[in-house]
Amino acid sequence: MTAESVSSRRRRRRPRARRLARTALVRWFRVQQAMRGALSKVLGRIRRGEHVFAVASALLIGIMAGYGAIGFRLLIRLFQGVFFGAPEYTLGLLSGIPWWQRLVFPGLGGLGVGLLVTRVAPEVKGSGVPEVMDAVARFGGSIRFRVLWVKALAAGLTIGSGGSAGREGPIVHIGSAMASFLGRAMEVSAQRLRTFVACGAAGAIAATFNAPIAGALFSVEVVLGDVAVARLAPIVIASVVATVISRYHLGDFPAFQVPAYELVSARELFLYGVLGLAAGLAAVAFIRLLERSSDAFESSPIPPWLRPAAGGLLVGVIAQAFPQVFGVGYETIGEALWGTTSALVVLLVLAKMVATALTLGSGGSGGIFAPSLFMGASLGAAWGSLVHGLFPEWTATAGAYALVGMGAMLTATTHAPIAGILIIFELTNDYRIIPPLMVACVLGLLLSSLLHRDSIYTSKLSRRGVRLREGRDVNLLRSIPVHEVMDREAPTVPAGMPFTQLVPRLVAGSHKEVMVVGEDGELMGMVSLSDVGALLPETETLGDLVVAADAVQEDVPFVLPSDNLDLAMHLFGRTQRDELPVCADPASRRVVGVITRDALIDSYNRRIFQVDLPGGFGSLVDAVEGGRTVEVLGGVHLAEVEVPYGLVGRTLRQADVRRRWGVEVVLIRTVESGPESLEGRPGRLPAADVRLRAGDRLLVMGTQAAIRRLREGV
């Protein structure tokens, strides 16, 4: 067979493969639509009662989160069996396998993770908690459905192959993705969707640690960032239900078996305070090391899909001396709690810190919860061994300090003191641990936040330009680059343009200002009509004596295409200008476009409409009552129209308003409420078989001309 015939056969196969892939994709979308429709139909009947709907939704999310946590655990055991031949690798097993397996297995797992992350869903890198926080803060709680299974596979591969990461962060991401899918299927408001996501996160943490109270407050404190949240009840319900599911299938056992705790002397509180300060320092070192690792891999010439494999190989190198760094490290935590660790336990803190930074910084998928507990337990055990050896009469054993060290390190790393304290309390069920735990956690948090503004979760977001403390408006503006909004047809004039030509250009042009550029297109400044207003009576006299360069304002700020709209808005406010030049780079100052204040505001409104469509839609529905028309996007308006007489008695399919008038029916407003109504608003969703009645009003979107024709029925 000739090379030409082989090549032609391959070309014939490609369209067939594309058709099969396209068919599979279409079928998958249809399955998702069917699932959403079934959920909406089943749960639509209970939406009449606000309280009943909230409780039922929380119950369902708790069940989903509980089984999601159990399923993810089983997936990790599956991958551990594939790589190490056992559902759980112990230190004895790791020490007995050949050295090359400890070296290679994390790299192989990282290779699979790299392909999943780069080809399917980039947001599954890392722990997943920052992505959930970002989704809640900026995207109304919307998380892509594919995150659910891609996160499970990527994190399962990372942990199952020996990567140094925890399972709690991925479980939070998975539970939140489930809840987000459910909320979007039921078409709830953005505010309620955020609560749904928080319920999923709470259930995930609760099922993992068998700690329902800590799970609920972790979700409120970290995911929502609002301890005074009004919708606490459904979050608690979801957390409790997920805990019940976990206990039923896995047994009523805490995540760790801990010894009985005792505070031997009040003088120990000082020693626990020192431990808290040490945990704060270790937490800052961990956060900064993770940042440096991420930067190093991002700037390296290694292809993105290969970086997790490189990080895994480096973890394998560390595991030659410290196999304890593999996986979540619960066995080592248990040894620290019972005081059976070696004298070199302090070295495990550094080894786990470096291994976790390599795993997650290279693009691996896994959490930082378990590594933080590992480092806190090891640090506490080392400190406890030291002080108990020096003061055996009035100090507890090393296990007590390991337990408090876990809470202090977790608090200092995540900046979540309430969750950190309650998780340890629920592990012990002993109120006597609260005083030393509060001392260590508070001091660790104060030192950590003083040395590093961001937690390990918000640090990742801040490096993207997202600062949750500054509000959603700033973060939305920071998420939009200038090049998406700028007008590439910049109003430029050459520096030598005579005054007689410049004035007509300013008067007749669509822009209020023009940019004066040199021979190479570099920005010299701007000229507005107000700048030359005093010279207008002398236009004929000045003639060609005055040129554009003579009237230019040189001190003009500019932005780059890669800058964000937050910077542009700051410059608009500081200079009181309506237009800003966009330059290719600061060195050449070559003008490539212009951005206007109106374009910036319009872009912001578009993004708000896209991000908070369910929640923001309610205010738009109210605004169009009484015959008003509101522009929601460029040229697209929202209006309320009474059903024309000719359509009364017809179904939406028979009316075919989209084809006849070019408008889209969003909602059918009725006199009474029904199970299909929007949340808290009378109306019915526009299903094809809904029959229109006299007196109904259609909420429609379209151009003003199309809406006017529909009103007139022509």
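**Reading backbone and surface features in a predicted model**

At 37% relative accessibility, L277 counts as partly exposed (buried is under 20% relative accessible area, exposed over 50%, partly exposed in between, with a 1.4 Å probe and protein chains only). This is a predicted model, in which local features need pLDDT of at least 70, side-chain atom pairs count only at pLDDT 80 or more, and totals for chains, interfaces and linings use all residues. Residues are numbered from 1 along each chain as its sequence is written, and side-chain values use heavy atoms, with hydrogens and water left out.

User: Which residues form the nonpolar patch on the surface?

Analyst: Patches are made of residues with over 30% relative accessible area and no salt bridge (a side-chain nitrogen of Lys or Arg within 4 Å of a carboxyl oxygen of Asp or Glu); like charges are joined within 9 Å, and nonpolar side chains (Val, Leu, Ile, Met, Phe, Trp, Tyr) within 5 Å. Here the members are L277, M438, V442, L443 and L446, which together have about 400 Å² of accessible area (Shrake-Rupley method, 1.4 Å probe; for residues, only the protein chains shown count as cover).

User: Which helix gives the most to the nonpolar patch?

Analyst: Helices (H or I, at least four residues) and strands (E, at least two) are DSSP runs, numbered from the N terminus. Helix α18 (residues 434-451) gives the most, with four residues, while L277 is found in helix α11 (residues 268-299).

User: What is phi of N210 near?

Analyst: Most residues other than glycine have a negative phi. Phi of N210 is positive, near 55°. N210 lies in the loop between α8 (190-209) and α9 (212-224) and is buried, at 9% relative accessible area.

User: Where does D656 lie?

Analyst: D656 is in the loop between α27 (652-655) and α28 (657-661). Its phi is also positive, near 50°, and D656 is partly exposed at 27% relative accessibility.
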